[in-house]
Amino acid sequence: MTDTAAVEILADVHRGVGRILLNRPKALNALTTGMVIAIDGVLAEWEHTPLSAVVLASTSTKAFCAGGDIRTIREHSLAGDAEASERFFASEYRLNARIAEYPVPVVSLIDGLCMGGGLGLSIHGSFRVVTERAVLAMPETGIGFFPDVGASYFLPRLPGAIGMYLGLTGHRLDAADALYTGLATHFVPADGLDAVGDALADNPGDPVDVVLNRLAGRSPVVGSRLAEVRGDVDWAFGAPTLGEIEKRLHHLDNPWAADALVALESASPQSLEITHALLARGRQHTLRECLGTELALTRTTIRTPDFLEGVRAALVDKDRTPNWQRASLGGRTSPTLPS
C-alpha cells in the first residue's frame with residue numbers, strides 16, 4: 001500500500017468487525033488505482049482473520065463513492081498509456097469479484113453520492129444500507145462510457161426493465177427508489193449510521209439482516225417515484241431495440257417519458273448502443289464473465305472520441321456540452337461485443 005493510498009483508505013478490525021473507510025473527501029472518494037489495490041489487499045488479508053462482517057463506509061457525508069477517477073483514465077488515453085488504464089480497470093474488477101465472493105457478509109453504508117465505481121464497491125456485497133441522503137446512479141452513457149463494475153450482471157437482474165432504464169439514462173435514485181429496485185437492502189437514518197459497526201460487533205451471533213433491521217428507521221420505500229411509473233418503465237425499456245424504446249417513449253407522451261427522452265438524447269449514441277447490447281445479454285452470464293466482457297470493452301472504448309469528449313465536457317472543462325459522434329438512436333447496427 002502506498003502512503004497516499006494508506007491515507008485515502010483507513011482500515012482496522014474492531015471487535016471482530018473489519019472496517020474500511022474511504023477517505024478522499026475532496027474528490028468525493030473517486031477511486032484511484034492505489035485505493036482499489038489497497039482495499040483489495042486489506043480484504044485479501046482479512047480472509048484469514050475470524051470476522052463476523054466487513055463494513056465499507058466513507059469519512060464524508062457528501063459521498064460514499066462518486067465512482068472511478070475517470071479524469072485520470074482520460075489522461076492515460078491521451079498520453080497513449082494503455083497499460084495504466086488496464087491496471088486500473090483490471091484491479092477494480094478483481095475487487096468487485098472479491099467482494100461478491102467474500103466469505104463473510106460485506107455491509108456498505110451509503111450516505112450521499114454512490115455512482116459508478118461506488119456501486120461496484122457496494123452492490124456486490126450482501127447488504128447495502130442507505131440513508132435519506134443517498135443518491136445512486138450509473139451515469140456512464142453521459143460521459144461516452146458504459147455501465148461497468150459488473151453492471152452488465154447486476155442491472156439486468158433488477159425487476160422488469162428497470163436495469164435497462166437506469167443503464168441507458170443514468171437516472172439518479174433516492175433512498176426510496178434504491179430500496180424499491182433492490183439496489184439497497186436496508187434503510188438507516190444518517191444519524192444512526194455510526195451505530196452499525198458497534199451493533200454488528202455486539203451481536204456477532206445474530207444474522208446481519210436482523211441487526212440492521214433493529215437499527216432501521218421507517219423505510220421511505222412507499223414514496224418511491226420509480227414505483228409510480230413502473231408500468232411505463234417496463235413497457236418502454238423492455239422494447240427490443242433502442243429505436244423502439246424511443247418510439248414507445250414518444251407514444252407515452254408524459255413527463256416521465258419526456259425526461260427519459262432528454263436523457264437518451266443527451267447521452268453518447270455510441271455508449272447507448274454498447275450499453276443496450278451489454279445489458280440485453282448480461283442476464284445469461286456469470287459475474288466473472290460479465291466483468292471479463294467489460295474489461296475487454298474498456299480497452300477500445302476509452303480510446304474513442306466520444307469517451308475523450310464526454311469526460312472533457314463533464315469533468316475537465318465542465319461545460320456540459322459534449323460534441324458526440326452523431327448517429328440517431330438505433331441508427332446503427334448493434335455493436336459486436338467481446339465473447
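**Exercise 1. Lys 318 and Arg 320**

Task: In this predicted model, decide whether Lys 318 is buried or exposed. Then treat Arg 320 in the same way.

Solution:
- Step 1. Start with the cut-off: a residue counts as exposed when its relative accessible area is over 50%.
- Step 2. Lys 318 has a relative accessible area of 55%, so it is exposed.
- Step 3. Arg 320 comes out at 61% relative accessibility and therefore counts as exposed.
- Step 4. Now place them on the chain. Lys 318 sits in the segment after helix 17 (305-316), and Arg 320 lies in the segment after helix 17 as well.
- Step 5. Take a look at the backbone, too. Lys 318 is not a glycine, yet its phi is positive, about 60 degrees. For Arg 320, also not a glycine, phi is positive at about 60 degrees.

**Exercise 2. Strand 5 and its neighbours**

Task: Find out why strand 5 (residues 106-110) can be called largely enclosed, and name the strands that pair with it.

Solution:
- Step 1. Check burial along the strand. In strand 5, 5 of the 5 residues are buried, so the rest of the structure largely encloses it.
- Step 2. Split the strand into its faces. Val 106, Ser 108 and Ile 110 are buried on one side, and Val 107 and Leu 109 are buried on the other, leaving both faces covered.
- Step 3. Turn to the pairing. Strand 3 (residues 53-58) runs parallel to strand 5 and is joined to it by 3 bridges. Here Leu 56 has Ser 108 as its bridge partner.
- Step 4. Strand 7 (residues 127-130) also pairs with strand 5 in the parallel sense, over 4 bridges. In this pairing, Val 107 is partnered by Phe 127.

**Exercise 3. The two sides of helix 14**

Task: Work out which residues of helix 14 are buried, how they are arranged around the axis, and what covers them.

Solution:
- Step 1. Get the dimensions. Helix 14 (residues 255-266) has 12 residues and spans 17 Å from first C-alpha to last, close to the expected 16 Å.
- Step 2. Collect the buried residues of helix 14: Trp 256, Ala 257, Ala 260, Leu 261, Ala 263 and Leu 264.
- Step 3. Look down the axis. The buried residues of helix 14 fall within an arc of 160 degrees, so they line one face of the helix.
- Step 4. Check the other side of helix 14, where Pro 255, Asp 259 and Val 262 are exposed.
- Step 5. Identify the cover. It includes helix 7 (162-169), helix 12 (230-237), helix 13 (242-252) and helix 15 (269-282).

**Exercise 4. Thr 275 and the aromatic cluster**

Task: Describe the surroundings of Thr 275, then find the cluster that contains Phe 145 and Phe 146.

Solution:
- Step 1. Locate the residue: Thr 275 belongs to helix 15 and is buried, with a relative accessible area of 0%.
- Step 2. List its contacts. Leaving aside residues up to four places away in sequence, Thr 275 touches Thr 141, Phe 145, Phe 146, Pro 147, Gly 167 and Leu 168.
- Step 3. Follow the aromatic contacts. Phe 145 and Phe 146 form one aromatic cluster with Phe 88, Phe 89, Tyr 93 and Phe 307. The structure holds 8 aromatic pairs.

**Exercise 5. The nonpolar cores**

Task: Name the residues that touch the most other members of the largest nonpolar core.

Solution:
- Step 1. This core has 88 residues, and the ones to name are Leu 121, Val 130, Leu 136, Phe 237, Leu 249 and Trp 256.
- Step 2. Helix 2 (residues 33-46) supplies the largest share of this core, 7 residues.
- Step 3. Apart from this core lies another, of 17 residues, including Ala 53, Ala 57, Val 188 and Val 196.

How values were computed. Residues numbered from 1 in each chain as written. Predicted model: local features only at pLDDT ≥ 70, side-chain atom pairs only at ≥ 80, totals over all residues. Heavy atoms only, no water. Buried < 20%, exposed > 50% of the residue type's maximum accessible area, 1.4 Å probe, protein only. Pairing = 2+ DSSP bridges. Expected span 1.5 Å × (residues − 1). Arc of directions from axis to C-beta. Contact = heavy atoms within 4.5 Å. Phe/Tyr/Trp six-rings, centres within 6.5 Å; stacked < 30°, edge-to-face > 60°. Core = buried A, V, L, I, M, F, W, Y, C linked by side-chain atoms within 4.5 Å.
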